[in-house]
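Here is a guided walk through a protein model, written for someone who would rather be at the bench. Keep the viewer open and follow along.

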Amino acid sequence: MYALVDANNFYVSCERVFQPRLDGRPVVVLSNNDGCLISRSAEAKALGLRMGDPYFQVKPLLEQHHVTVFSSNYALYGDMSRRVMWYLGQVAPAVEVYSIDEAFLDLHGLVPFVVESLDAYARTVRANVLARTGIPTCVGIAPTKTLAKLANRLAKKLPALGGVLHLDSEDRRRWALEQVAVQDVWGIGRQYATKLHAAGITTAAALAGCTEAYARRHLGGVVGARLVRELRGYPCLGLAPSEDGTLARRSLCCSRTFGRPLSAFPDVTGAVSAFASRAAEKLRRQGDAAHLLTVFLGKSRYGPEPPPYSCSTTLTLPVATSDTVALVRYARAALKKLWQAGHRYTNAGVVLDGLEPAGQAQLGLFEVAPVSEKRARLMAELDALNRRFGKGTVRLAATALAPGQVVSPWEGQAQWRTPQYTTRLEDLLLVG
DNA sequence: TCTGGGGTCCTAGGACCC
DNA sequence: TCTGGGGTCCTAGGACCC
């Protein structure tokens with residue numbers, strides 16, 4: 001048995017923890033650069049606001065209904081997420097952190113020796129997460145991950161269930177499959193949904209009833225075959241336990257849409273250097289080194305220019321590294337290869353791939369380790385200082401502002417950002 | 001004027017090897 | 001000159017997820 005614990009409107013819920021007066025009121029959180037809606041309270045959803053709506057398009061509606069608007073505050077959300085995941089780690093035999101606001105729990109062996117019923121267990125977990133962190137969640141329990149996802153969706157949708165749905169019988173499984181539209185099944189996106197509707201398959205139940213050959217042919221090969229089997233109740237996807245409540249990535253990316261289009265090489269170089277530097281920090285945090293580095297540059301897909309909207313170049317590094325100085329230098333070299341004068345670039349990013357545990361790089365016969373002990377210590381110091389005093393306290397000159405600049409030219413809007421209540425001493429909430 | 005920022009996995013095809 | 005059946009590795013692209 002698997003459980004999926006999923007927060008309700010996670011980013012909105014995080015903001016509400018620190019502003020309880022917003023309970024029951026419409027609230028939204030915007031993406032980077034205050035671009036789109038990425039989290040909506042139930043009240044905001046009821047107004048017809050959709051995930052991904054561009055802010056400037058729905059602004060009149062937001063004002064008309066006095067919707068509270070927040071810029072995203074990932075330092076806060078990340079910290080709240082760690083609290084939730086830590087607690088789940090205490091009460092479940094194994095936890096897979098699936099995203100910032102969702103976790104799969106492996107419940108095999110809990111009943112009857114540890115808990116009496118999974119239903120009661122789920123209700124307790126849910127109540128404790130709320131009491132300890134202020135974050136409301138729903139729980140779906142089923143024999144497969146795909147069915148747990150589906151149960152979770154119904155637990156969210158049907159208030160009468162009290163936030164928990166356990167698909168503990170064949171009848172309940174069949175009933176649940178009937179309630180869910182095919183496009184809402186985990187693993188069915190826009191393309192597949194269109195194809196399935198055209199074939200007359202409109203519910204999860206109908207999808208569960210299609211042949212394996214059909215699934216293989218039309219839903220991405222083995223992926224589709226697994227999906228259908230999971231819906232029928234045969235587990236094909238195992239739990240990938242997350243050590244210490246965090247997810248070790250196979251690739252890392254740091255990218256941003258600029259506050260405004262940039263055409264000057266030094267501006268974009270500054271941005272790419274900052275992204276490479278940030279990516280290097282993430283890499284060291286998970287204890288890895290990278291041997292592939294990609295830089296990409298993007299142009300607006302909403303402007304008059306035809307595709308392609310982005311270009312990229314990948315460097316194979318001679319030796320895997322997590323050193324900021326080295327990665328920034330490679331990123332700048334890659335950007336130079338990519339750069340074409342005269343374009344208005346709207347976004348850029350740095351991707352690190354080919355990750356391996358740091359310090360285990362295989363050296364060729366005639367190679368010497370390029371990252372000295374001294375350099376590794378320097379990086380450790382840098383990370384410690386930035387952890388203690390806030391991101392960006394210590395950084396490379398390459399990522400610093402030019403003389404006379406107040407903000408980086410690539411940084412965007414964040415008009416409604418809340419303080420980092422839980423991760424910066426200066427922003428601690430004062431009660432008095 | 002203003003449209004996010006991360007990730008995963010799979011497949012097909014080509015280069016190259018024995 | 002032409003012929004075979006495996007393999008592996010890499011890359012690009014496409015689908016999906018939150």
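**A walk through the model**

Thr-246 counts as partly exposed, at 40% relative accessibility. On this scale, buried means under 20% relative accessible area, exposed means over 50%, and partly exposed is in between (1.4 Å probe, protein chains only). You'll find Thr-246 in the loop between helix 11 (222–232) and strand 9 (252–262). Helices (H or I, at least four residues) and strands (E, at least two) are DSSP runs, numbered from the N terminus. The C-alpha atoms of Thr-246 and Trp-86 are separated by 9.2 Å, with their positions 160 residues apart along the chain.

Some housekeeping before going further. This is a predicted model, where local features need pLDDT of at least 70 and side-chain atom pairs count only at pLDDT 80 or more, while totals for chains, interfaces and linings use all residues. Residues are numbered from 1 along each chain as its sequence is written, chains are lettered from A and ligands numbered from 1 in the order in which they are written, and side-chain values use heavy atoms, with hydrogens and water left out.

Now zoom out. Chain A has 14 helices and twelve strands. Its radius of gyration is 24 Å, close to the 22 Å that the globule rule gives for 432 residues, so chain A is as compact as a globular protein of that length. (That radius is taken over C-alpha atoms, and the rule is 2.2 Å times the number of residues to the power 0.38.) Measure along the principal axes and the C-alpha trace spans about 65 × 60 × 50 Å. Of the 432 residues, 44% count as buried.

Val-295 is one of the buried ones, with a relative accessible area of 0%. It sits in strand 10 (residues 288–298). Val-295 and Tyr-2 are 293 residues apart in sequence, and in space their C-alpha atoms are 39 Å apart. Val-17 makes another sort of pair: its C-alpha is 5.8 Å from that of Gly-134, although the two are 117 residues apart along the chain. Val-17 lies in helix 1 (residues 10–18) and is partly exposed, at 28% relative accessibility.

On to the charges. Side chains of opposite charge can pair when their charged atoms come close. How many salt bridges does the structure hold? There are 15, counting a side-chain nitrogen of Lys or Arg within 4 Å of a carboxyl oxygen of Asp or Glu. In one of them, Asp-79 pairs with Arg-83, and the closest N and O atoms are 3.0 Å apart. Both residues belong to helix 4 (residues 74–91), four residues apart, or about one turn of the helix. Asp-79 is buried at 12% relative accessibility, whereas Arg-83 is partly exposed at 41%.

Helix 7 (residues 170–179) offers a pair with a similar layout: Arg-174 and Glu-170 are separated by about one helical turn because they are four residues apart in that helix. Their salt bridge has its closest N and O atoms 3.4 Å apart, and Glu-170 is partly exposed, with a relative accessible area of 40%. Back at Asp-79, salt bridges that share partners join Asp-79, Arg-82 and Arg-83 into one network. Arg-172 pairs with Asp-168, with 3.7 Å between the closest N and O atoms. Here Arg-172 is partly exposed at 40%, and Asp-168 is partly exposed at 44%.

Other charges gather on the surface: Arg-256, Arg-285, Arg-387, Lys-391 and Arg-417 form a patch of positive charge. Patch members have over 30% relative accessible area and no salt bridge, with like charges joined within 9 Å (nonpolar side chains, Val, Leu, Ile, Met, Phe, Trp and Tyr, within 5 Å). Arg-285 is in helix 12 (residues 265–285) and is exposed, with a relative accessible area of 62%.

Last, a look at the backbone. Most residues other than glycine have a negative phi, and most peptide bonds are trans. Asn-9 is not a glycine, yet has a positive phi of about 45 degrees; look for Asn-9 in the loop between strand 1 (2–7) and helix 1. Asp-34, also not a glycine, has a positive phi of about 50 degrees. Asp-34 lies in the loop between strand 2 (27–30) and strand 3 (37–40) and is buried, with a relative accessible area of 7%. Finally, the peptide bond from Val-111 to Pro-112 is cis, with omega near 5 degrees, and Pro-112 falls in the loop between strand 6 (102–106) and helix 5 (118–133).

Methods. Accessible areas come from the Shrake-Rupley method with a 1.4 Å probe; for residues, only the protein chains shown count as cover. Lys and Arg count as positive and Asp and Glu as negative; His and the chain ends are not counted. The place of a charge is taken as NZ of Lys, CZ of Arg, CG of Asp or CD of Glu.
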